[in-house]
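Got your viewer open? Load the model below and keep the selection box handy.

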Amino acid sequence: MISQLTEAARPAPELTHRLNEIVLTSDEAASLEALLQKARAVYDAAPEGAAYALRCHLDQLVRAVEDIASLRAHRRETSFDDEGGDGLGAYLAGEGKTG
């Protein structure tokens, strides 16, 4: 990715951007960004690009479902813990039973 350099990090005043180890002028950076956007548009329009986008969305969906399942399992496992300090966890565990 092309990033903008801070004034202190510029080796020369006209060099305003960086692409990995390559330092660029603002015009060079804009030109590269335009080419990158064109390449992305062509790729996204191609069947390979659509398939890749679909895989990315499916991966995000799978991760979201896994996160939800993990959170539900954690809540189920810790539901009787007394982290809230209200005594309910101890009571339900049999430690707080009264006479």
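Here is a tour from the whole chain down to single residues.

Before you click, know that this is a predicted model: local features need pLDDT of at least 70, side-chain atom pairs count only at pLDDT 80 or more, and totals for chains, interfaces and linings use all residues. Residues are numbered from 1 along each chain as its sequence is written, and side-chain values use heavy atoms, with hydrogens and water left out.

**Whole chain.** Switch on the cartoon. You should find 3 helices and 3 strands, in the sequence order β-β-β-α-α-α. Helices (H or I, at least four residues) and strands (E, at least two) are DSSP runs, numbered from the N terminus. Now try a surface: it comes to about 8,200 Å², and 57% of that belongs to carbon and sulfur atoms. Accessible areas come from the Shrake-Rupley method with a 1.4 Å probe; for residues, only the protein chains shown count as cover. Of the 99 residues, 10% are buried, where buried means under 20% relative accessible area, exposed over 50%, and partly exposed in between (1.4 Å probe, protein chains only). Among contacts (heavy atoms within 4.5 Å) between residues at least 6 apart in sequence, 8% join residues at least 24 apart.

**The sheet.** Select residues 2–4, which are β1, and residues 15–19, which are β2: the two run antiparallel and are joined by 3 bridges. Two strands pair if DSSP finds at least two bridges between them. Add residues 22–25 for β3, which pairs with β2 in the antiparallel sense over 4 bridges. Together the 3 strands form an open sheet in the order β1-β2-β3. β1 and β3 stand at the edges with a single partner strand each, so one side of each has no neighbour in the sheet. On average, neighbouring strands are turned by 40 degrees against each other, direction ignored; axes are lines fitted to C-alpha atoms, for helices over the stretch in contact, and angles run from 0 to 180 degrees between N-to-C directions.

**Across the strands.** Pick Arg18 in β2: Ser3 stands opposite, and so does Val23 in β3. Leu15 has Thr25 in β3 as its bridge partner. At the hairpin of β2 and β3, with 2 residues between the strands, check Asn20, whose phi is positive, near 55 degrees.

**A buried spot.** Is Thr16, in strand β2, buried or exposed? Thr16 counts as buried, at 12% relative accessibility. Beyond its neighbours within four places in sequence, Thr16 contacts residues including Ser3, Leu5, Arg10 and Leu24.

**The helices.** Show residues 26–45: helix α1 lies across β1, β2 and β3, at about 100 degrees to β3. Then move to helix α2, residues 47–78, and select Leu58. Leu58 is partly exposed, with a relative accessible area of 45%. Add Leu54, Leu61 and Val65, which form a nonpolar surface patch with Leu58, about 380 Å² of accessible area together. Patches are made of residues with over 30% relative accessible area and no salt bridge; like charges are joined within 9 Å, nonpolar side chains (Val, Leu, Ile, Met, Phe, Trp, Tyr) within 5 Å. A salt bridge is a side-chain nitrogen of Lys or Arg within 4 Å of a carboxyl oxygen of Asp or Glu.
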